[in-house]
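Student: Before we discuss this protein, could you show me its sequence and its structure, and then take me through them step by step?

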Amino acid sequence: SDSVNQTEGPVTVSERALMTLSCTYQTTYLNPYLYWYVQHLNKAPQLLLKGLTADKKVEHEGFQATLVKSDRSFHLQKRAVQASDSAVYYCALSDTVTQGCRGS
């Protein structure tokens, strides 16, 4: 079966320090896509990063992650966290979309 394991519970990091949130996965998909979502207090989750290509670093607003298929990981890092980064972070997994939609 497919599953994702990530850092659980609160993580305390000093401002301007490095934050790392771990995400590992198990899947039967040949080419899985991995995602990090962020949910700030009283707001809906928002897509933060997506890993679509193995061993390629993706970055957005100071956050970065690399989809490493050899150890099935997609760890999230930010080098200089701020108070505004306080939020709930979710790692998610999906299959590769291999077929487009056809209009009528």
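Tutor: A residue counts as lining a pocket when it has an atom within 4 Å of one of the pocket's grid points. Please keep in mind that the model is predicted.

Student: With that in hand, which residues line the second largest pocket, and which strand gives the largest share of its lining?

Tutor: The second largest pocket has a volume of about 170 Å³, and its lining divides into 5 nonpolar, 3 polar and 3 charged residues. The lining consists of Val38, His40, Gln46, Leu47, Leu48, His60, Glu61, Phe63, Lys78, Asp85 and Tyr89. The largest share, 3 residues, comes from β5.

Student: How much space lies in the largest pocket, and which residues are closest to its centre?

Tutor: The space in the largest pocket comes to about 360 Å³. Its lining divides into 10 nonpolar, 6 polar and 2 charged residues, and the elements that contribute two or more residues to that lining are β2 and β9. Of the 18 lining residues, those closest to the centre are Val11, Met19, Leu21, Ala87 and Tyr89.

Student: Tyr89 has now come up in the linings of both pockets; which residues is Tyr89 in contact with, beyond its neighbours within four places in sequence?

Tutor: Tyr89 is among the residues with the most contacts inside the largest nonpolar core, together with Trp36, Leu48, Leu49 and Leu76. Once the neighbours within four places in sequence are left aside, the contacts of Tyr89 are Gln6, Met19, Leu21, Trp36, Tyr37, Val38, Leu48, Phe63 and Leu76.

Student: How many residues does the largest nonpolar core have, and which strand supplies the largest share of them?

Tutor: In soluble globular proteins, nonpolar side chains tend to be buried together. Here the largest such core has 18 residues, and at least two of them come from each of β2 (19-21), β3 (23-26), β4 (33-39), β5 (46-51), β7 (63-66) and β9 (88-94). The largest share, 3 residues, is supplied by β4.

Student: Is Glu8 buried or exposed, and how far is Glu8 from Tyr89 in space?

Tutor: Glu8 is found in the loop between β1 (3-6) and β2. Because its relative accessible area of 73% is over the 50% limit, Glu8 counts as exposed. Although Glu8 and Tyr89 are 81 residues apart in sequence, their C-alpha to C-alpha separation is 9.5 Å.

Student: Which cysteines form the disulfide, and which strands does the pair tie together?

Tutor: The structure holds 1 disulfide, formed by Cys23 and Cys91 with their sulfur atoms 1.9 Å apart, and the link is left-handed, with -65° about the S-S bond. Cys23 has a relative accessible area of 0% and Cys91 one of 9%, so both count as buried under the 20% limit. Because Cys23 lies in one strand and Cys91 in another, the pair ties together parts that are 68 residues apart in sequence, and the two strands are β3 and β9.

Student: Turning to the whole chain, how many helices and strands are there, and what share of the contacts between residues at least 6 apart joins residues at least 24 apart?

Tutor: The secondary structure of the chain comes to 0 helices and 9 strands, and its C-alpha trace spans about 50 × 35 × 25 Å along the principal axes. Of its 104 residues, 28% count as buried. Among contacts between residues at least 6 apart in sequence, the share that joins residues at least 24 apart is 55%.

Methods
Residues numbered from 1 in each chain as written. Predicted model: local features only at pLDDT ≥ 70, side-chain atom pairs only at ≥ 80, totals over all residues. Heavy atoms only, no water. Core = buried A, V, L, I, M, F, W, Y, C linked by side-chain atoms within 4.5 Å. Buried < 20%, exposed > 50% of the residue type's maximum accessible area, 1.4 Å probe, protein only. Helix = DSSP H or I, 4+ residues; strand = E, 2+ residues; numbered from the N terminus. Contact = heavy atoms within 4.5 Å. 1 Å grid on protein atoms, 1.4 Å probe; cavity = no way out; pocket = protein on both sides within 12 Å on 5 of 7 lines; lining within 4 Å. Points joined across faces, edges and corners; volume = space filled by probe spheres on them. Nonpolar A, V, L, I, M, F, W, Y, C, P; charged D, E, K, R; others polar. Disulfide = S-S within 2.5 Å.
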